[in-house]
Amino acid sequence: MSWHLFAVFFASTFFISATPGPNMLLAFQYGMNYGVKRTLWTLAGLSLGLFILLLSTLLGLDVISRQSPWLLTVIKAVGAAYLIYLGISSWRDAGDGSLMSDAREMSEEVAAEYTVSGSEDTAGTPQPRSLSSAAVKVFPSNTTLFRTGVWVSLSNPKAILFFAAFFPKFINFSAPLWPQYVLLTIGLFLSETIWQIVYTLGGTKLASWLDVGNRLAWLNRSCGIIFIIIAVALLVEVMNSFTI
């Protein structure tokens, strides 16, 4: 992988990571609920879950590239279609909701998952509160915060589909793969970690800024454009493979 291609990959993932997905919303909410120091445990859990999904994807691509090269071409074509779908969806749904309301919904979903037999375990499970609450009433253990981060990260299996669709554009399968995998992993983790910390530290300010006008909508639309551009590049690669 050339440094130019890596720069394009990092710029793309950095911009895409800025969008408030489940991981970022959890970092945002827990940063407000439990403080930055406690939320670091959740960020560690999010990173572990992301690493598991990423490793699964890369191992799958590695096996396919060595044993069934034709299937890799199919994955590129299907991945391009999936990225186009994501791009169109990001554009069409860009105006729905706000960062505050999305974070509140995320809190309710996490709280529901930790409800046992109709009652919440106040001894240690996270109970995200309303963003407008005045004080934190429950202090979950560090282990619980970590486990919640892992669970939220792994509960999004679409991430594997996205990685499988996104990564082939930036991998040269005729060159040694593992050095490229290491670079991709570093780039993705760096961009994700930066934005998780930003959402944790400056959640309220970031939410206030994004919820003004159409800023959040245009952030999502810009990501949609990136998805479509990468999809077109993948389709060009697929078509070129048939002309060689």
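**View 1. The whole chain, from end to end.** Buried residues, meaning those under 20% relative accessible area with a 1.4 Å probe and protein chains only, make up 45% of the 244 residues in the chain. This is a predicted model, where local features need pLDDT of at least 70, side-chain atom pairs count only at pLDDT 80 or more, and totals for chains, interfaces and linings use all residues. Residues are numbered from 1 along each chain as its sequence is written, and side-chain values use heavy atoms, leaving out hydrogens and water. You can find 10 helices and 2 strands here (DSSP runs of H or I with at least four residues, or of E with at least two, numbered from the N terminus). Starting at the N terminus, the order is α-α-α-α-α-β-β-α-α-α-α-α.

**View 2. A nonpolar patch on the surface.** Look for Leu48, Phe51, Ile52, Leu55, Leu59, Leu154 and Trp178, which together offer about 570 Å² of accessible area (Shrake-Rupley method, 1.4 Å probe, with only the protein chains shown as cover). Patch residues have over 30% relative accessible area and no salt bridge (a side-chain nitrogen of Lys or Arg within 4 Å of a carboxyl oxygen of Asp or Glu), and nonpolar side chains (Val, Leu, Ile, Met, Phe, Trp, Tyr) are joined within 5 Å, like charges within 9 Å. Helix H3 (residues 36–67) gives the most, with 5 residues.

**View 3. Leucine 59 up close.** This leucine 59 sits in helix H3. Leucine 59 has a relative accessible area of 39%, so it counts as partly exposed, between the 20% limit for buried and the 50% limit for exposed.
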